[in-house]
Amino acid sequence: MILRVAERVVRSALIGYAAGSVWLRYKGPSWLDRIARRDPKARDLSAIHQKNADQIYRTATRLRGLLIKMCQVIGTRSDVFPPAYVKTLSQAHDRLPPREFEEIRCVVEEDLGKPLDAVFSEFETRPVAAASLAQVHRARLLDGREVAVKVQYPDIEHIVKTDLSSVRRICRIYERFDPQPMELLPLLDEMNQHLALELDFCREVESGDRIRKLFEDNPAVVIPEFYKEWCTGRVITMEFVSGIKVTDIEALDEAGIDHRRVVQGLMGIYTRKIMAFGFFQADPHPGNIFIQPGPRFVLVDFGLAKELPEGFGLGLFELMFSMMTFNDQSMIRAFDELGFETKTGDKSTYVEIARRMIDRSESRRFEGEFTEGMTDELFEAIRENPIVQVPIDFVLVARAFALLSGIAHTLGHRANVLESMAPGATQLRS
Amino acid sequence: MSLDAQTPVGDPLPEGPPKDAPIEFSEAQLLAEPEFDEPLIAGGVRCHGGFIDGEYVSPRTLVRMPAIDAWQSRLRLEGPGVVDISREFMPPHYPSLEQAKLLLRAGVQKPITRSLTMISIVEGFGAMIRDVPVPDLRAAIKEDLAGTALSHLTAGLFEAHARDEAGHRDQGGHKQMWEAARDLAFDNPRVPGDVLARLMQGRGRNRRPPLFPTLPEKVEGLIATMANVMVIEIFADDVFSWGEALLGDPEVSAAAEAASRMVSYIRADERPHVEYLRTALSEVRCRTLLTIDGGEIPGREVVDAILAQQLRGIASSRPREQREALHEEIRADIAEMRLSSELMRKFTALDDGWTFPRSEDDPIEIALS
Ligand SMILES: Nc1ncnc2c1ncn2[C@@H]1O[C@H](COP(=O)(O)OP(=O)(O)OP(=O)(O)O)[C@@H](O)[C@H]1O
Ligand SMILES: [Fe+2]
Ligand SMILES: [Fe+2]
């Protein structure tokens, strides 16, 4: 108990220290500017953004838990944060030092209500991957089946609560002191919601099952089977799946897997999830996608599965389609349908924003791909132009497409959403 | 508008050796608009095309239509004729007119709204024709290409086609026109949430290997795309009859006149599409294709084989699969409304059970007209 309190104090202090430095880095120069009667708005903040982002990243990877998640959330909110943050913090993924095996064993035994060797004939003590909230171990069930066991860190719920309240406290202080505060508290609430979802492994198993069912008709999609008997709120025991990491070009080449078909297949899968099913993994980073010869697509990690409102897919389709076909009129209608709002009611702003995005693409026309550059431009346009409000679902989807576009470019191809939807012979640009 | 075309605009090419009268047009000409008295506005949406002396005139046809007629008549003078697709291969629209009316009378609107929305989307995707990779045809075909539809594909024909299908800038195209017809007839119905799911069903199948591996990939690709779009466009005629009749029936349509007229305008716009594609394919057909290994293949062999393959693909398996999927969906829609199974029985009884008229190994002959 005392230990916990001490740990809590240390964590709060470290978080507070990082937050304070970040804030000072912003405010210091502008105070100087004011003293020197320079216009503080004229100062280029990008170097400071980068320094701050780096410090937050370092603190987060040290403390993990909520902070990593916070980084991941910031990494998804390009509509709020400057690019330096988004780039740096979205890297907060599974490259973390693992926890002691004994801690992991405790969680598994407690949750399954049995000693480890009553369920598993083998259990590798070195994890396959260690992420923010959990780590994954390779093991073998008594009947010989090879499994991956995803185990939540024992104290994670507690850590998350502590961190959340320290961050909340800091945000309140910040909002009191900063004359023009960024609205951070709503973001925290959003994060809180996401975390609650992600910490419930039963829900993750359900989401995985749901996606497997949706792709029943496509044998190229592989979702590991869950062994429900050994799944709990903190432990997931599933079929161990192997495959090549989707961005491992050398391994793909060695296996003779055609990059183009990988990109096409992947786009088909995600487009279908997002546009047709309205249920998708909001986080298609390369660590969660493996390729087997065929190619077959192995998808893991359903923690951030997200349900889109009805009609969203069609709205999104209409938006992209009208951008591709130069139809301004339909474009405005699609922005409306997706829940964008302008405070002045002047809808031509939408067309301007779309034009800015399109101008960022190589060919200067929208060809069905949301590249990272284009989404950056979109969010920049929106940050600069506060009359437009973006629906959060759109932000998540745009980011997912940008991630896929990143994967596609790594493989030397393009992530064309519309092409993967085109019927029959109109699938032209392959 | 001044035109520097070397041929008179209007009726088919008059007498005389066609080689003396190369038929060349600029992209701007092929996209040129007739001077409309008034534009077409549907359901508050400005669409393409418009009216001259009270008659609907399709968009971008001022030069395009006479040009196609001229290329085509030249072809008829020179060659064996223009390819066509026998209507016996055309799968009828499902649900049929009678089936659709039965559903609508019983208050089951969802399958029809879905069907119309899917038609609008598929029409819209027609715009992707502007992105077909087009190889250098002068290097791929042995004979001269001057004054052909083929040499104008990327000089206006594909672009006009794309604009017709998906609209352009402030004008709606067929996509928006079908939506308008749907919204007029059924008074802005709710679009079913599963439309895109349906559209993307059964994807991820592997692509067919090329039929002519010695041809440059893009050459076979272009011919296959044109063949595919042509067949779809010709088969669409049945969809138009269905749409005009259904949306024009005051018993089931809230704006019978306007909705049915809208479909008839779309139908009229498709004529240039069918005709330029028939012409271009026929031009390939009476020429010689060069292979990557220095050989030659008669265009006729290639075009006919690809057309037959496309016909089998489009007409044989797909309607059956689609019909089965649709049947299930309609069953679900009916069940959702807690209607009697009697309705389903009547619906099934109206099924005409159409099948493709050739078995797997029967040859498919390509018609000329
Ligand atoms: N069934 C499995 N078979 C083999 N490896 C797996 C399996 N499930 C997960 N892994 C590996 O473990 C890693 C972490 O798993 P997962 O992504 O589910 O954890 P996470 O905590 O949600 O991570 P993050 O949120 O950072 O993506 C995966 O990237 C993958 O490499
Ligand atoms: Fe059309
Ligand atoms: Fe058409």
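Reader: Where in chain A does A:Pro295 lie?

Author: A:Pro295 sits in the loop of chain A between strand E9 (289-292) and strand E10 (296-299). Helices (H or I, at least four residues) and strands (E, at least two) are DSSP runs here, numbered from the N terminus. Before we go on, this is a predicted model, in which local features need pLDDT of at least 70 and side-chain atom pairs count only at pLDDT 80 or more, while totals for chains, interfaces and linings use all residues. Residues are numbered from 1 along each chain as its sequence is written, chains are lettered from A and ligands numbered from 1 in the order written, and side-chain values use heavy atoms, with hydrogens and water left out.

Reader: What makes the peptide bond from A:Gly294 to A:Pro295 worth a remark?

Author: That bond is cis, with omega near -10 degrees. Chain B has a cis peptide bond too, joining B:Tyr94 and B:Pro95 with omega about 0 degrees. B:Pro95 is in the loop between strand E4 (83-84) and helix H3 (97-105) of chain B. Both deserve a mention because most peptide bonds are trans, just as most residues other than glycine have a negative phi.

Reader: Which sign does phi have in A:Asp301, and what is it in B:Asn188?

Author: In A:Asp301 phi is positive, about 70 degrees, although this residue is not a glycine. B:Asn188 is not a glycine either, and its phi is near 50 degrees, again a positive value. A:Asp301 is placed in the loop between E10 and strand E11 (305-307) of chain A, while B:Asn188 is in the loop between H7 and H8 of chain B.

Reader: Why is A:Asp301 not called buried or exposed?

Author: Buried means under 20% relative accessible area, exposed over 50%, and partly exposed in between (1.4 Å probe, protein chains only). A:Asp301 has 23%, so it is partly exposed. B:Asn188 has 57% and is therefore exposed.

Reader: What makes A:Glu204 buried?

Author: Its relative accessibility is 5%, so A:Glu204 counts as buried. A:Glu204 belongs to helix H8 (residues 201-214) of chain A. Leaving out residues up to four places away in sequence, A:Glu204 touches A:Lys150, A:Ile236, A:Asp301, A:Phe302 and A:Gly303; contact means heavy atoms within 4.5 Å. For chain A as a whole, buried residues make up 55% of its 430 residues.

Reader: How do you know how many disulfides there are over all chains?

Author: A disulfide is a pair of cysteine sulfur atoms within 2.5 Å, and by that rule the count is 0. Take A:Cys231: the closest cysteine sulfur, in A:Cys202, is 8.0 Å from its own, so the two are too far for a bond. A:Cys231 has a relative accessible area of 17% and is therefore buried, whereas B:Cys286, at 32%, is partly exposed.

Reader: Which protein atoms are called donors of the iron ion (ligand 3)?

Author: Donors are N, O and S atoms within 2.8 Å of the metal (3.2 Å for Na, K and Ca); water is not among the atoms, so sites may look incomplete. The list holds OE of B:Glu165, OE of B:Glu233 twice, OE of B:Glu270 and ND1 of B:His273, lying 1.9 to 2.4 Å from the ion. Their spacing in sequence is E-x67-E-x36-E-x2-H. The pair B:Glu165, in helix H6 (residues 153-166), and B:Glu233, in helix H9 (residues 217-247), links distant parts of chain B, 68 residues apart. Both B:Glu165 and B:Glu233 are buried.

Reader: What does B:Glu165 bridge?

Author: B:Glu165 bridges the iron ion (ligand 3) and the iron ion (ligand 2), which lie 3.4 Å apart.

Reader: Why is the link between A:Arg333 and B:Glu179 called a salt bridge?

Author: A salt bridge is a side-chain nitrogen of Lys or Arg within 4 Å of a carboxyl oxygen of Asp or Glu. The side chains of A:Arg333 and B:Glu179 meet at 3.4 Å, N to O, and the rule finds 5 salt bridges across the interface of chain B and chain A. On the side of chain B that touches chain A, strand E2 (45-52), helix H4 (110-125), helix H7 (174-185), helix H8 (195-199) and H9 each give two or more residues. H4(B) gives the most, with 4 residues.

Reader: How many residues of each chain are in contact?

Author: In chain B 37 residues are in contact with 36 residues of chain A.
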